[in-house]
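Colleague: Could you take me closely through the sheet in this model, and then through the contacts and links that belong to the parts around the sheet? I would like one connected account rather than a list.

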Amino acid sequence: MKSKIAFSAGLTAGVLATLSAALIAGQVTGLTQFTAGSPAKAAGVNGNFAAVKTAVDDNHARIATLETGFAKFGNNSSPSASGTGGECTIGEIRLFAGSVAGAVPAAGQLLQINQNQALFSLLGTKFGGNGQTTFALPNLSDVAPNGLTYAICIVGIFPSP
């Protein structure tokens, strides 16, 4: 059994190495071909290393361009401030872009129960707080798209059952 496992692992590694080499070779251009049994010249070897480095650098640049183009989450969130805006339902979470969110940014902060009794009756201590004097809002800043803020309505219509 031991030899079967070693053979299988060796075969898998060999297949992966061959497949990887074939894929990489397809991306690299200008390689010097070497003949078995003939000495390799330093210039040819160095040229191959340079060609592989160029291909790797090109792939790195392509990946960096793609990463820049994709929306990233949580790097630049919560630019909005607390404020009052349009009518909302207490506890409703909205995504805002702008300087005033119309609610309170959902950034995990503690609120006083005596100043936010309606919201506390809905959230309780699910997101933190001591339940006697404070409770916490959910922290959604890490999942907000860059430049936007999730905010939770603290003044508005109380939801009906």
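Modeller: What follows begins with the sheet and then turns to the side-chain contacts, the disulfide and a surface patch.

Please keep in mind throughout that this is a predicted model. The sheet is open and has three strands, arranged in the order β1-β5-β2 with antiparallel pairing. Because β1 and β2 (104–105) stand at the edges, each with a single partner strand, one side of each is left without a neighbour in the sheet. As background, strands of a sheet pair through backbone hydrogen bonds, and the pairing may be either parallel or antiparallel.

Taking the two pairings in turn, β1 and β5 are joined in the antiparallel sense over four bridges, while β2 is joined to β5 by two bridges, with these strands again running antiparallel. One residue of β5 appears on both sides of this description: Ala151 is the bridge partner of Arg94, and Ala151 is also the bridge partner of Pro105.

Arg94 deserves a second look, since its side chain takes part in a salt bridge with Glu92, where the closest N and O atoms are 2.9 Å apart. A search of the whole structure finds one salt bridge. How accessible are the residues Glu92 and Arg94? Glu92 has 27% relative accessibility and therefore counts as partly exposed, and Arg94, at 29%, likewise counts as partly exposed.

The disulfide brings in the segment after β5. A search of the whole structure finds one such link, formed by Cys88 and Cys153 with their sulfur atoms 1.9 Å apart. Cys88 lies in the loop between α2 (42–69) and β1 (93–96), whereas Cys153 lies in the segment after β5 (149–152), so the pair ties together parts that are 65 residues apart in sequence. With 75 degrees about the S-S bond, the link between Cys88 and Cys153 is right-handed. Both Cys88 and Cys153 are buried.

A further contact involves another strand, β4. The count of aromatic pairs comes to one, and this pair is made by Phe120 and Phe135, whose rings are tilted, with 5.4 Å from centre to centre and 55 degrees between the planes. Since Phe120 lies in helix α3 (residues 117–123) and Phe135 in strand β4 (residues 134–136), the pair ties together parts that are 15 residues apart in sequence. Are the two rings' residues, Phe120 and Phe135, buried or partly exposed? Phe120 is partly exposed, with a relative accessible area of 22%, whereas Phe135, at 0% relative accessibility, counts as buried.

Finally, there is a nonpolar patch on the surface, formed by Leu31, Val52 and Val56, which together have about 200 Å² of accessible area. Of these residues, Val52 lies in helix α2, and its 33% relative accessibility makes Val52 count as partly exposed. Helix α2 (42–69) is also the element before the loop that holds Cys88, and that loop leads on to β1, which stands at an edge of the sheet.

Definitions and conventions:
Residues numbered from 1 in each chain as written. Predicted model: local features only at pLDDT ≥ 70, side-chain atom pairs only at ≥ 80, totals over all residues. Heavy atoms only, no water. Salt bridge = Lys/Arg side-chain N within 4 Å of Asp/Glu carboxyl O. Buried < 20%, exposed > 50% of the residue type's maximum accessible area, 1.4 Å probe, protein only. Phe/Tyr/Trp six-rings, centres within 6.5 Å; stacked < 30°, edge-to-face > 60°. Disulfide = S-S within 2.5 Å. Pairing = 2+ DSSP bridges. Patch = residues over 30% accessible without salt bridge, like charges linked within 9 Å, V, L, I, M, F, W, Y side chains within 5 Å. Areas by Shrake-Rupley, 256 points an atom, 1.4 Å probe, with all protein chains shown as cover.
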